[in-house]
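Here is a short set of exercises to work through with the model open beside you. Each one sets a task and then walks through a solution.

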Amino acid sequence: MKKHFFTAAAFFMAAYVFAYNPPVGGQTLFNLSSPTQLASASSCAGGGIFMPGADSIAFNPALPALEQRIQLDAAFSALISTNSDDDRSFNAAFQTGILIPTKRFVASGILNGVFCKSIDLWLGNTLNFRAGLSKEVSEKLSVGANINAGVLWGAGSDWSLGLDAGFLYRLGQLGFFRDFRIGAAALNLGKYYSGEELLPIDAEHTADDFPSLVTIRGGIGALLFETEQFKGGFSFDIATPAFQNVIFDMGLQFAFKDMLYLSVAESIDVMEIKNEHYNLMPAISLGVKFDLNARGNEYLKSRSWDSNEMLASLAWQQKYEHIQAISGGARLYLGQTDTQPPVIQLWNGAED
């Protein structure tokens, strides 16, 4: 019995190992729907300039652990095909998310939808939900975990259910790097979509599951320079979907007075390039952060939400030669970050 069991197990493992053939773009469902992710290099270390949001849990569920403010997030992307042979020139994606800090942990949730049936990017219709908890274990170490679920239709029908887990370690100053961070995550631990009716990477075989089961992602991020007016940083990630492919994600981020932001990101999927699905154009994003004040509203004032911030972003990337991805979104930060340490007074100075 043991011999038969191990023989069967080896057969299924071998079949899985040689079955890697996800649809084109199938590893990037969460990149398409938000300008902050399209041009953040999908960093599991929080990017060059550390600005995690609810959507960061798609790449490392530990990233929001240090956030102090409630965040509300919404974004929309137009995926426009310029291929004259394409029957569906307009496709779309959207995202909405929320991040809520509590005394014990930070809770995050995102809903992502991708509706794309282009010749060059055939992903069907999907709704994908992720909910996660993250916690600061120490001054340097944060950990987090997600549960995720989704549905696929329009190219067959299927469902997904899985888990993610990750950590972030902050080294601080390392040589000339500032705020040097190391992040790693194990993603897609569960059951994911069957893509047999979609456009596969290797056209000689039918498309396989996506996103790929057991995707390990690791990366670094750090500030390269920081002055009163300017700061800039970089990030670099390596992902290994199903241990059968390698994806490199690299990004540069710059900020002026913590108000104007510029991001440039590049992603290289080795298996897609090998099968001539080129996607080498970098993504570019511009963002503006501004204050939103509502000092006359007593309800908001009672919750310290009378002085808020909003980050509005716009991003562009050409994908797979004929797809123009244009994404816009806004992130609302409720309240202000607490930068003052508590004052502890042991006595009032009066003599007994």
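**Exercise 1. Following a run of hairpins**

How many residues lie between β6 and β7 in their hairpin, and which residue in the turn has a positive phi?

Before solving it, some ground rules. This is a predicted model, in which local features need pLDDT of at least 70 and side-chain atom pairs count only at pLDDT 80 or more, while totals for chains, interfaces and linings use all residues. Residues are numbered from 1 along each chain as its sequence is written, and side-chain values use heavy atoms, with hydrogens and water left out.

Step 1. The hairpin of β6 and β7 has two residues between the strands, and G175 in the turn shows a positive phi of about 65°. Strands here are DSSP runs (E, at least two residues), as are helices (H or I, at least four), numbered from the N terminus.

Step 2. Now look at the pairing, which requires that DSSP finds at least two bridges between two strands. β6 and β7 run antiparallel and are joined by eleven bridges, with F167 opposite A184 in β7.

Step 3. Go back one strand. β5 pairs with β6 (residues 158-174) in the antiparallel sense over twelve bridges, and G150 faces S160 in β6. Their hairpin has four residues between the strands, and G154 takes a positive phi near 85°.

Step 4. Go forward. β7 (residues 177-191) and β8 (residues 215-226) are antiparallel over eight bridges, L187 having T215 as its bridge partner in β8. Eleven bridges then join β8 to β9, also antiparallel; R217 stands opposite A239 in β9, and a hairpin of three residues connects these two strands.

**Exercise 2. Reading the confidence**

Find where in the chain confidence is lowest and where it is highest.

Step 1. Start with the average: pLDDT (the predictor's confidence in each residue, from 0 to 100) averages 87 over the chain, and 86% of the residues score at least 70.

Step 2. Helix α1 (residues 2-17) is lowest, at a mean of 43, and strand β5 (residues 141-153) is highest, at 97.

Step 3. Over residues 4-17 the pLDDT stays under 50, and the model has four contacts there beyond four places in sequence; contact means heavy atoms within 4.5 Å. Where pLDDT is low, the predicted coordinates should not be read in detail.

**Exercise 3. Mapping the nonpolar cores**

Identify the residues that touch the most other members of the largest nonpolar core, and the elements that contribute to this core.

Step 1. Recall the criterion: a nonpolar core is a set of buried Ala, Val, Leu, Ile, Met, Phe, Trp, Tyr and Cys residues joined through side-chain atoms within 4.5 Å. Buried means under 20% relative accessible area, exposed over 50%, and partly exposed in between (1.4 Å probe, protein chains only).

Step 2. The largest core has 30 residues, of which L29, L79, V114, L121 and L123 touch the most other members. Two or more residues come from each of β2 (90-101), β3 (106-117) and β14 (323-333), with β3 giving the largest share, four residues.

Step 3. Take V114 as a case. Beyond four places in sequence, V114 is in contact with residues including L29, L32, A92 and L123.

Step 4. A separate second core has six residues, among them L223, A255, Y261 and Y333.

**Exercise 4. Two buried polar side chains**

Work out which side chains make polar contacts with Q95 and N245.

Step 1. Q95 is in strand β2 and is buried, at 2% relative accessible area.

Step 2. A polar contact is a pair of N or O atoms within 3.5 Å; within protein, one must be able to donate a hydrogen and the other to accept it, and residues adjacent in sequence count only if both atoms are side-chain atoms. The Q95 side chain makes such contacts with the side chains of D55 (3.3 Å) and D73 (3.2 Å).

Step 3. N245, in the loop between β9 (230-241) and β10 (247-256), counts as buried because its relative accessibility is 3%.

Step 4. The N245 side chain makes a polar contact with the side chain of D269 (2.8 Å). A polar atom of the N245 side chain also lies 3.1 Å from the backbone nitrogen of M271.
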